[in-house]
Amino acid sequence: MKAPGSTPETELTTLLLTHPACLDHDPGHGHPERPERLSAILAALKAPEFAALEWREAPMADPGLLTLGHPPEFVDRILGMIPPMGRAMIDGDTIVSPGSREAALRAAGAVFAAVDAVAAGQAKNAFCAIRPPGHHAEPEQAMGFCLFNNVAVGGLHARANHGLRRVAVVDFDVHHGNGTQAIFERDPDLFYASTHQWPLYPGTGAEHERGVGDNVVNAPLPPGAGSVEFRRALERIVLPALDGFAPDIILISAGFDAHRDDPLASLNLVEADYAWVTAELCKLADKHCGGRVVSSLEGGYDLRALAASAAAHVQALMAA
């Protein structure tokens with residue numbers, strides 16, 4: 001899938017991976033994780049300043065690859081819950097529709113394909129504009145709008161199939177990525193760091209949750225915190241820990257619901273904060289891992305703020 005202005009295959013650039021099927025996951029009227037979220041982002045990324053983006057169609061993931069982070073019986077169970085018509089509830093927040101199977105497999109497939117491209121040196125970095133999101137999906141539990149943990153399984157794919165042993169995920173969604181932490185916390189070659197509002201759903205992410213060898217770094221922020229507190233947490237806690245970990249690839253759980261206009265939380269970030277953190281992560285990627293960065297959409301529920309924040313994030317990836 002090519003957008004106007006897409007660059008030749010041979011030019012090293014920033015990739016955008018997405019697929020129209022991700023719009024067909026429909027949790028129902030009034031649900032905050034609605035298809036219009038993705039439509040708003042894609043519309044913003046068709047502006048002239050994004051002409052150098054290379055758009056690629058997200059492939060369908062082989063369900064077997066999802067077992068890198070989830071037991072096979074869990075993958076089968078979730079896919080088996082997709083209804084032929086109507087909707088089915090996995091929990092009170094997590095609802096699936098007939099289009100959810102392909103959407104979920106395209107979402108994970110986007111991250112797998114992005115990892116493949118970045119690991120092979122076909123792109124400097126990538127943004128996966130996908131839904132459903134993933135960072136709340138635990139090894140054996142779908143929750144919080146998430147079916148499978150796209151970023152976690154993508155990171156495990158980088159290690160299993162590309163030899164990138166030390167895998168880092170940095171998560172700036174306003175909600176703690178309990179699922180990614182649960183998948184990563186017992187392996188010292190996996191690193192997970194999160195800034196998030198505390199207290200807030202899902203109730204995990206306290207500072208004392210540190211994994212097997214300080215490979216989990218949580219920097220909770222109080223309600224009302226904004227740019228100063230966010231950047232301080234990154235500069236004093238997250239970025240030094242990531243630097244010390246020396247990753248072979250960095251994946252980003254790019255949630256934009258810490259924005260001051262988001263209706264589901266109470267932090268006060270602005271677009272410039274997302275550009276700043278993206279640039280800082282890219283600097284560390286340049287230092288440690290040849291610039292390898294793969295970012296994947298998580299939350300963000302005010303359409304204007306989401307589109308503007310995602311655009312700022314992608315601009316920073318392009319500028320890296």
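Colleague: How many bridges join strand β1 to strand β2, and do the two run parallel or antiparallel?

Modeller: Four bridges join β1, residues 14-18, to β2, residues 54-57, and the two strands run parallel. Keep in mind that this is a predicted model. For one pair to look at, take Leu17: its bridge partner in β2 is Arg56.

Colleague: What should I expect of side chains along a strand?

Modeller: In a regular strand they alternate between the two faces of the sheet.

Colleague: Which helix goes with β1 and β2 in a β-α-β unit, and what is the handedness?

Modeller: Helix α1, residues 35-44, joins β1 and β2 in that unit. The unit is right-handed.

Colleague: Next, cysteines. How many disulfides does the structure hold?

Modeller: Zero. A disulfide needs two cysteine sulfur atoms within 2.5 Å. For Cys22, the nearest cysteine sulfur belongs to Cys128, 9.7 Å away, so Cys22 is in no disulfide. For Cys146, the nearest is that of Cys22, at 13 Å, and Cys146 is in no disulfide either.

Colleague: Are Cys22 and Cys146 buried or exposed?

Modeller: Cys22 is buried, with a relative accessible area of 0%. Cys146 is buried too, with a value of 0%.

Colleague: On to charges. How many salt bridges does a search of the whole structure find?

Modeller: The search finds 15. One of them pairs the side chains of Glu33 and Arg37, at 2.6 Å from N to O. Glu33 is buried, with a relative accessible area of 1%. Arg37 is buried as well, at 0%.

Colleague: Where do Asp189 and Arg166 lie, and what does their pair tie together?

Modeller: Their side chains meet in a salt bridge, 3.1 Å from N to O. Asp189 lies in the loop between α5 (178-184) and β7 (190-197), and Arg166 in the loop between α4 (150-162) and β6 (167-171), so the pair ties together parts that are 23 residues apart in sequence. Asp189 is buried, with a relative accessible area of 18%. The cut-off for buried is under 20%.

Colleague: Which helices hold Arg231 and Asp273?

Modeller: The side chains of Arg231 and Asp273 meet in a salt bridge, at 2.9 Å from N to O. This pair links distant parts of the chain: Arg231 is in α6, residues 227-245, and Asp273 is in α7, residues 271-289, with their positions 42 residues apart in the numbering. Arg231 is partly exposed, at 25% relative accessible area. Asp273 is buried, at 0%.

Colleague: Which residues do salt bridges with shared partners join into one network?

Modeller: Glu33, Arg37 and Arg131.

Terms used. Residues numbered from 1 in each chain as written. Predicted model: local features only at pLDDT ≥ 70, side-chain atom pairs only at ≥ 80, totals over all residues. Heavy atoms only, no water. Pairing = 2+ DSSP bridges. Right-handed = clockwise from strand over helix to strand, strands pointing away. Buried < 20%, exposed > 50% of the residue type's maximum accessible area, 1.4 Å probe, protein only. Salt bridge = Lys/Arg side-chain N within 4 Å of Asp/Glu carboxyl O.
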